[in-house]
Amino acid sequence: MRRSLPTLLLLVSGLGCAPELPAAPAHPTPSAFVAAERAPLPGLTSDPPAPFTLQPGDQLTLRTLSVRPLEAEVSVDPAGRLHVPLAGAVEVGGLPLDAAERRIEGRLAPYDRFARVSLHVREARGHLASVAGAVREPGRYVVEGDLRVSDLLARAGGPRALESDEVEWVELADLAGASLVRDGEALPIDVSLAARGRPHHDVRVHAGDLLYVPPARGRHVTVLGEVGEPRVLPFSEGLRLTAALARAGGMTDDADEADVRVLRGPLSGPAVYRANLSALVRGEAPDVALAPGDVVYVTTEWLAEVGEVIQRL
């Protein structure tokens with residue numbers, strides 16, 4: 001979790017003496033850093049397969065039936081042309097196979113008017129869909145067969161996540177905010193539902209489609225300072241301060257239970273609160289409901305710990 005030094009210095013300057021900090025509210029108020037609810041997407045009720053047309057990069061086997069049969073391995077060049085013996089360069093980009101066969105026959109007619117042409121697709125390398133964003137293996141993938149959105153996502157390794165001995169499983173991708181873009185327009189599908197196989201959302205992928213999965217923003221809580229196991233926790237609605245501290249191994253013997261800091265909002269200008277765990281235990285203060293993106297820091301003497309906090313952040 002890297003932060004620029006100027007940002008951290010600004011952050012530290014706002015964390016003055018504990019008595020000057022406001023008490024952490026029991027419930028977070030709506031703000032820009034809490035994700036707004038998205039309107040549900042209807043999906044597609046009609047999803048016919050796209051007709052196959054030749055694209056640059058497609059590799060073919062060309063055969064002619066004639067007095068002098070011919071067989072050749074050819075590919076569609078970047079300009080959408082096939083280079084055919086005798087006929088030369090024939091424009092076939094965007095044509096279905098049968099139309100491409102008839103066009104080649106027309107170009108061969110001056111040399112062999114009885115030739116009949118057949119094309120067989122060896123590899124549809126020109127039929128590609130792209131996957132970008134927070135997936136394990138972004139890149140371009142061949143669209144073949146009845147490829148669906150869930151299949152394309154699986155080929156890209158699925159949504160990116162973080163898991164280690166020090167960090168709990170944290171989703172780094174926002175599937176609900178992902179989109180499948182076709183001809184410059186995002187289809188009205190929910191990729192998170194497509195990943196679960198919902199028919200109206202798990203639609204067929206077409207050549208040229210772009211699946212973009214944005215990174216998850218603020219869907220975790222970070223616990224640092226005088227705790228047993230400083231870590232990043234996946235956020236879930238209703239996560240309380242005591243639960244986050246417990247999942248981070250509890251507070252150490254050196255922790256100041258009366259001064260637990262909660263940083264909320266963007267680090268360029270966070271709201272900083274103080275929670276008093278001692279008062280909470282005595283029933284004099286509520287347990288604090290955390291918000292996505294919160295940073296919880298359990299202090300000892302704050303001014304003696306600035307360097308450590310900068311290093312940990």
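**Salt bridges, a helix face and two nonpolar cores**

In this predicted model, Glu73 and Arg122 form a salt bridge whose closest N and O atoms are 4.0 Å apart. Glu73 belongs to strand β2 (residues 70–75) and Arg122 to strand β5 (residues 116–123), so the pair ties together parts that are 49 residues apart in sequence. Glu73 is exposed, with a relative accessible area of 61%, whereas Arg122 counts as partly exposed at 32% relative accessibility. Side chains of opposite charge can pair when their charged atoms come close.

The count of salt bridges comes to 16, and a few others deserve a look. Arg261 forms a salt bridge with Asp259, with 2.6 Å between the closest N and O atoms; both Arg261 and Asp259 are buried. Arg148 forms a salt bridge with Asp146, and here the closest N and O atoms are 3.2 Å apart. Asp146 is partly exposed, with a relative accessible area of 44%. This pair also takes part in a network of salt bridges that links Asp47, Asp146, Arg148 and Arg204.

Helix α2 offers a simple check of geometry. At 1.5 Å a residue, its twelve residues (97–108) should span 16 Å, and the end C-alpha atoms of α2 are indeed 16 Å apart, which agrees. The buried residues of this helix are Ala100, Glu101, Ile104, Glu105 and Leu108. Seen down the axis of α2, these buried residues fall within an arc of 140°, so they line one face of the helix. That pattern can be read against helix periodicity: an α-helix has 3.6 residues a turn, so residues three or four places apart point the same way. The cover over the buried residues of α2 includes strands β1 (59–65), β3 (81–84), β4 (88–91) and β5.

Attention now turns to the nonpolar interior. The largest nonpolar core has 24 residues, and those with the most contacts inside it are Val149, Leu152, Leu211 and Val213. At least two residues of this core come from each of β6 (128–133), α3 (149–155), α4 (191–194) and β12 (210–213). Helix α3 gives the most, with three residues. Leaving aside neighbours within four places in sequence, Leu211 is in contact with Ser130, Val131, Ala132, Leu152, Leu153, Ser179, Leu180 and Val191. A second, separate core has 22 residues, among them Val221, Tyr273, Val296 and Val298.

Terms used: Residues are numbered from 1 along each chain as its sequence is written. This is a predicted model: local features need pLDDT of at least 70, side-chain atom pairs count only at pLDDT 80 or more; totals for chains, interfaces and linings use all residues. Side-chain values use heavy atoms; hydrogens and water are left out. A nonpolar core is a set of buried Ala, Val, Leu, Ile, Met, Phe, Trp, Tyr and Cys residues joined through side-chain atoms within 4.5 Å. Buried means under 20% relative accessible area, exposed over 50%, partly exposed in between (1.4 Å probe, protein chains only). Helices (H or I, at least four residues) and strands (E, at least two) are DSSP runs, numbered from the N terminus. Contact means heavy atoms within 4.5 Å. A salt bridge is a side-chain nitrogen of Lys or Arg within 4 Å of a carboxyl oxygen of Asp or Glu. The expected span of a helix is 1.5 Å times one less than its number of residues. The arc is that of the directions from the helix axis to the C-beta atoms.
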